[in-house]
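Below are some notes on side-chain contacts and surface features, set out point by point for discussion. Please read them alongside the coordinates.

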Amino acid sequence: QNNALRQYVSNSDSRYVWANRNLNLNFQQKYKNKGEVNADFNIINYKATGEQAFDNFEQNIQPHEQFDYQIAYDFLIYSLKGDYTLPLNNKSNLELGFKSSIVTYDNDSRHLDQSAASEIFNPARSNHFLYDENINAGYLGYRKSLNRVSVQLGLRAENTNFKGTLLPNPVVIGSSFDQHFIDFFPSAFIN
């Protein structure tokens, strides 16, 4: 009987440069007996470029499979939201607000096979994906307190739009998808 033990080895080396940024602006205004306004604006950006080098092989057997992944991505989020609370009397209030966000994502992953003298782009193992999203929402709420019970009613409407695209290369056929829809979310709470 041949009970040969096979051993596979994978070595890797990674190098990345990260650049993460965030900006947040807040606004609050309180009006005497007339309510309160709050607003927030955010920009978030995650960006990285890097390379991962791999050397895969079966112990004592040639050749080695050597390749690099070069990866670059850029993830960007913009969001804006605002809320207004209006007291109707000392036991109830009306709330309304909105939120809007835009997201973009760009991910480029390039596979490079290593030969003795150079790197050779391998399009079959590479991809470049783009994604865009926009969500807009608005809400209206009413809250009433009655002795030991509080009642809250609300309705939120949300419009969502997104698109994803896989860019073509010499061996990969590009493709894309997109969706657009509106949803309504009623709510009711009794505490």
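1. The model is predicted. A starting point is Y142, whose place is in strand 6, residues 127–146. The relative accessible area of Y142 is 32%, so this residue is partly exposed. Together with L88 and L153, Y142 makes up a nonpolar patch on the surface, and the three share about 270 Å² of accessible area.

2. On aromatic contacts, the search of the whole structure gives 11 aromatic pairs. One of them joins F75 and Y105 in an edge-to-face arrangement, with 5.6 Å centre to centre and 80° between the planes. F75 belongs to strand 3 (residues 65–89) and Y105 to strand 4 (residues 92–114); the two are 30 residues apart, and the pair links distant parts of the chain. F75 counts as partly exposed because its relative accessibility is 25%. Y105 counts as partly exposed as well, at 25% relative accessibility.

3. A further edge-to-face pair is formed by F162 and F177, at 6.2 Å centre to centre and 65° between the planes. Since F162 sits in strand 7 (residues 149–166) and F177 in strand 8 (residues 175–190), the contact ties together parts that are 15 residues apart in sequence. How do the two rings stand in terms of burial? F162 counts as buried, because its relative accessibility is 16%, whereas F177 is partly exposed, with a relative accessible area of 40%. The angle of 65° is over the 60 degrees at which a pair counts as edge-to-face.

4. The F75 and Y105 rings also belong to a wider group. Ring pairs link Y16, W18, Y46, Y73, F75 and Y105 into a cluster.

5. Turning to charged side chains, the count of salt bridges comes to 5. Which residues form a network? D13, R15 and E51 are linked in this way by salt bridges. Within the network, the side chains of D13 and R15 meet at 2.4 Å, N to O. D13 has a relative accessible area of 38%, so D13 is partly exposed. R15 likewise counts as partly exposed, at 43% relative accessibility.

6. K47 and D74 form another salt bridge, with 3.7 Å from N to O. K47 is in strand 2 (residues 35–58) and D74 in strand 3, so this bridge ties together parts that are 27 residues apart in sequence. The distance of 3.7 Å falls within the 4 Å limit for a salt bridge. K47 is partly exposed, with a relative accessible area of 36%, and D74 counts as partly exposed at 27% relative accessibility.

7. The bridge between R143 and E95 has its closest N and O atoms 3.4 Å apart. R143 lies in strand 6 and E95 in strand 4, so the pair ties together parts that are 48 residues apart in sequence. Is each partner buried or partly exposed? R143 is partly exposed, with a relative accessible area of 33%. E95 is buried, because its relative accessible area is 18%, under the 20% cut-off.

8. For the figure legends, strand 6 could be labelled with both Y142 and R143. The legend for strand 3 could name F75 and D74, and that for strand 4 could name Y105 and E95.

Definitions and conventions: Residues are numbered from 1 along each chain as its sequence is written. This is a predicted model: local features need pLDDT of at least 70, side-chain atom pairs count only at pLDDT 80 or more; totals for chains, interfaces and linings use all residues. Side-chain values use heavy atoms; hydrogens and water are left out. Patches are made of residues with over 30% relative accessible area and no salt bridge: like charges are joined within 9 Å, nonpolar side chains (Val, Leu, Ile, Met, Phe, Trp, Tyr) within 5 Å. Accessible areas come from the Shrake-Rupley method with a 1.4 Å probe; for residues, only the protein chains shown count as cover. Helices (H or I, at least four residues) and strands (E, at least two) are DSSP runs, numbered from the N terminus. Buried means under 20% relative accessible area, exposed over 50%, partly exposed in between (1.4 Å probe, protein chains only). Rings of Phe, Tyr and Trp (its six-membered ring) pair if their centres lie within 6.5 Å; planes under 30 degrees apart count as stacked, over 60 as edge-to-face and the rest as tilted.
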